[in-house]
Amino acid sequence: MDIQYIGEHLGPGKLGHFFIITSFIAALFSAFSYYRAANTEATDPNGSMFWVLLGRNGFVIHTAAVISIFVTLFYLITNHYFEYFYVWKHSDLSLSPKYLLSCFWEGQEGSFLLWSFWHGVLGIIVMLTAKKMESRTMTVISLVQVALATMVLGFYFGQDVNIGSSPFILLREKMAGAPIFNQANYMEFFTDGKGLNILLQNYWMVIHPPVLFLGFASTLIPFAYIIAALWKGEYKSFIKHTWVWSLFSGGILGLGIMMGGAWAYESLTFGGYWAWDPVENASLVPWLTLVAALHTLIIYKVTGRSFIITVILFVATYVLIWYSTFLTRTGILGDTSVHSFVGEGKSLYWHLLIVIFVLLIGSILLMIRRWKGLPRVKTEEHVSSREFWMFIGSFVLFLSAIQIIISTSIPVWSPLAKWITGKEVAPPIDPIAHYNSIQVWVAMVLAVLSAAILYLKFKKSDAKSVWKKLGLTGVIALALSLLIGFTQKIDAPQYALLLFAACFAIVATIYYAVSIQKVKFKKLGAASTHLGFALALLGILLSSYNKDVISINTLGLVFNFGEDKMANVRESMQNVMLYKNVAMPMAEYDVTYVGDSTSEEDPRTFYKVLYQVRDKNSQEVTESFVLHPNAFLNPNGQEGSLSANPDSKHYLTRDIFTYVQSAVDPAKKYDTLEYKKHVVKQGDTVFLNRGFLVFAGFNTNVSQGRYNAQEGDIAVEAVLNLNNFTGTVDTLKPLYLIRDGLVQTVDDTVLSRKLYVQLANILPKTDAAELRIRQAGDDNDYIVMKAIVFPYINLLWLGIIIMVLGFMLAMYNRATKKM
C-alpha cells in the first residue's frame, strides 16, 4: 500500500521535471534541425532555411525551458520546501533573502543550470548575428546544450547508474530506505535545511558565480565558430565573429576570476586574494589559453599565419573549461583545495569525461579531415615583425597554462604515475613557492612583450625607430623601478626584474597611447588592456612582497589551530590574544578588542576591534577606526570550530586586513568560571575587575529575613564593602550557616558586575574568613586575531578594472569596424 505523505508540495517538482525533459528534447531537436540545415545549405537552400527555422524554434523553446527550470527551483528555495533534497541540502530558514540565490548555484545541478542559462542567452544572440554561419555554429551550441541538459536529467538505472542528477528529486527518493520515510508525516521532522556553506554567505558569492559562468559560457562561441569554419573549410568569414566574442570572453572571464579573488580576500583567511588553489587555477588556465588564441587569431587575420595554432588554442580553451568543471565538481581536488564546497558530484566523473572526450576527439578528427587544406604560410616571419613576438607571447602563455594545469592535476595523474614508476607523486607542500618559481618569470616576459609589440608593425618594423622609443621608455621605467624598489625594499633579483618589467609595461603603454595613438578613445582597447595587466602585476608584486603581519605574538603563546604542532607554532607567532578592553600595540596602532554582537537574523558573531593611532608626544588619538571581523561559531554543529570572515580598512595606499582565528563562544563565556579562594582578615582587600572588596569583619546578628531561620542555627555573616575607584558602592554579606551539624552557605551577589561571593569557612584561630569569589570579567572574554598590511593593493584592483574595460573597448571597436 502506497503511503499518502502529508505536507509535501509535489506540483512544482513535477513541473520542474517537465521543463528538464522539455529542455533536453528541444536542444536535441534544435541540434538535429541545424545539422540538417548545415548539410543542405549548398544543395537545397530553401530546404535548408526550413530546417533553420525549426532549429531556431527548438532553441528558443529550449532556452525558455531552462529559464522555467531556473524559476521553478528558485520558487522551491524561497518557499523553503525542504521535501526536495536540493532545497534541504543547500538552504535553511535562517538565510537572508540576498543569499537565497547563492543556494541556487552552490550545488552541481544549479551550477549546470546557470551555465546552460548563459549558453541559451548567448546562443540567441549568435542566432541573430551569425548570418550565413548560423546553422553550423548553432549546431555546435545546441549539441553542447544537450550535454548540459543530461547533467540535470536525473534518469536512474538501478542503484548505481544514473544520467545526471535532478534538482527536483525528493528527499525521500534520495534517501530511499531510511525508516523515517515510512511515516506519512515525516515532514514534521524536516522543518529546516542543512543550510548554505558558510563560505558562500558573502555578497561576492551572489555576483561572482553568475559573472564567472558567463565567462565560461562565452568561450563556447569562439569554439563554435572555429568548428563551423573547419566544418565547411571556409576560413575567412569566421574571423570577425570569433575576434569579437574572444574579446568579450576574455574580459568577462577575467573579471569573474578576479571577483573570486576579491571574495577570497574578504571571506577566506589565508591572507590574500590568490593562493594558487586548484579551483582558482582551474579557472585561470582557460583564460590564459583564450588570450593566447585571441592574439594568434589577430596574427592570422593580418598575415595569414598561425591558423593551426589558433584552432588548437581555441579548442584547448573550451575543452579546458569542461576539464576545470571535472576537477572542481567530481571531488578529485577535495584534499588539495581550500574551497570546501568542491566535490559534490562524484557520480559525474565518467559523465564529464565522456563529454570532454567527445569534444576533444571530435575537434581533432575534424582538423585531421581538413588538414591538407588548412591555411599556411611557408615563409618565416621577420624577427622584427609584430606577429613574430605576438606568437612568442602566445606560446609563453600556452606554456604557462601547461605548467599550471599539470601541477593542478597531480591528484588526477598521480595514480597512473605510481602504477608506472612505483613512486607516488604528491601535490606541492608550498603551492605558492612552487608556482611562483616559474610564473614570476612568465609574468616578466609577458609584461615586456605586452608593451614592446605595440611599437612593432606587422610583417616588418623599422628597428631603429622602435629601439629609440623602447630605449626612452626603458630608461624612464628603470628610474621608476629603482625608486620603487628602493622605497619598498625589493631586493630579491627575480622580483626586482619583475618590478622593472611591470614599470616598463606601464610607461611604454602610456607613451604609446599618448604619443602614437593620440589618445583616440576608440583605438585604446589594446593599450588599455595591456596597461591594466601591467598595473595588476605591479599591485600583485607590491602587495605580496611587502605584505606585513603586524600582529606579532611577543608572549610566546601557542594556540591550537590544528593537528600539526609545528604549523601551530609558526602560525601562533603571527597571532595575538586580545583581552577585552586591553590595548595591544601593533605597528603604529594600539589595537583593542571592545566586544562582540550577535542577532537572531544573522548567525555570525561580529567582533569590534578598535584601531587607534596616538601622537608620540602628546599621546592624543590622531586616528581611530573600528573593524568588524566576523565568524560563524560551531558551524553545522561542529563544537569548538570557527569559520572566520575578515574585515579590512581601506586606504589609498594600503589595506589593514584583520580576522579572528579563535574566540570565546558568547553563549558560554561565563559557564566555566570557577570560584577563587581568598583568606582575609578584617581590613584586608580583595581586588576585582574595576573595583575591590574590603573585609569589614563578621556579623553574628543576622537578620532572619536572609534565610529561613530555625531553632539551633548558628549563622555568621562576612561584611564586605564593594568599592570602585571613587568610593564604596555596595555592601555584600555572604552567610555561613551551621544547622544540625551540617555547614551551609548562602552567596551574596551583585548581578550588574557578575560578582558572586561565598563565605566558605571561618578560621577562629586567626579570626580570618575564607572567601570564594567568582566574577566574570574581561579576562574571560578574548579573541585571537591576525592583522596584515597589504601595501598598494588598490593597484591590483585598478589594473583589473582597466584591463576589463580595455577588453570591452576593443570588442566595441572590432564589432563596429568593417572587416
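# Exercises on a predicted chain

Let's start in strand E21, which covers residues 755–763 and holds asparagine 761. Keep in mind that this is a predicted model.

**Exercise 1.** Work out whether asparagine 761 is buried, partly exposed or exposed, and find out what it touches.

*Solution.* Step one: look up the relative accessible area of asparagine 761, which is 26%. Step two: compare that with the cut-offs, where buried means under 20% and exposed means over 50%. Asparagine 761 falls in between, so it counts as partly exposed. Step three: list its contacts, skipping residues up to four places away in sequence; you get Tyr736, Ala768, Ala769 and Glu770. As an extra, try asparagine 436: it sits 325 residues from asparagine 761 along the chain, and their C-alpha atoms are 68 Å apart.

**Exercise 2.** Find where aspartate 767 sits, and see which residues it reaches.

*Solution.* Step one: go to the loop between E21 and strand E22 (768–775), and there you'll find aspartate 767. Step two: check its relative accessibility, which is 48%, so aspartate 767 is partly exposed. Step three: look for its contacts beyond four places in sequence, and you'll meet Lys681 and Phe698. Step four: take the C-alpha distance from aspartate 767 to glycine 697, which comes to 9.0 Å although 70 residues separate the two in sequence.

**Exercise 3.** Two residues that are not glycine have a positive phi, tryptophan 276 and tyrosine 792. Which of them is buried and which is partly exposed?

*Solution.* Step one: recall the background, which is that most residues other than glycine have a negative phi. Step two: read the angles. Phi is near 55 degrees for tryptophan 276 and about 55 degrees for tyrosine 792. Step three: place both residues. Tryptophan 276 is in the loop between H10 and helix H11 (278–303), while tyrosine 792 is in the loop between strand E23 (782–791) and helix H21 (794–816). Step four: use accessibility. Tryptophan 276 has 12%, so it is buried; tyrosine 792 has 31%, so it is partly exposed.

**Exercise 4.** Describe the largest nonpolar core, and say which helix gives the most to it.

*Solution.* Step one: recall that nonpolar side chains tend to be buried together in soluble globular proteins. Step two: take the size of this core, which is 158 residues. Step three: pick out the members that touch the most others: Trp115, Leu230, Phe238, Trp287, Tyr318 and Trp322. Step four: name the helix, which is H10 (residues 238–267), with 16 residues in this core. Step five: zoom in on tryptophan 287. Leaving out neighbours within four places in sequence, its contacts are Gly250, Leu253, Gly254, Ile257, Met803 and Phe807. Step six: don't miss the other core lying apart from this one, with 36 residues, including Met444, Leu470, Ile490 and Cys503.

**Exercise 5.** How many disulfides does the chain have, and are cysteines 103 and 503 buried or exposed?

*Solution.* Step one: count pairs of cysteine sulfur atoms within 2.5 Å. The count is zero. Step two: check the two cysteines. Cysteine 103 has a relative accessible area of 0%, so it is buried, and cysteine 503 is buried at 0% too.

**Exercise 6.** Give a quick portrait of the whole chain.

*Solution.* Step one: count the elements, 21 helices and 23 strands. Step two: note that 53% of the 819 residues are buried. Step three: add the box around the C-alpha atoms, roughly 120 × 85 × 55 Å along the principal axes.

How values were computed. Residues numbered from 1 in each chain as written. Predicted model: local features only at pLDDT ≥ 70, side-chain atom pairs only at ≥ 80, totals over all residues. Heavy atoms only, no water. Helix = DSSP H or I, 4+ residues; strand = E, 2+ residues; numbered from the N terminus. Buried < 20%, exposed > 50% of the residue type's maximum accessible area, 1.4 Å probe, protein only. Core = buried A, V, L, I, M, F, W, Y, C linked by side-chain atoms within 4.5 Å. Contact = heavy atoms within 4.5 Å.
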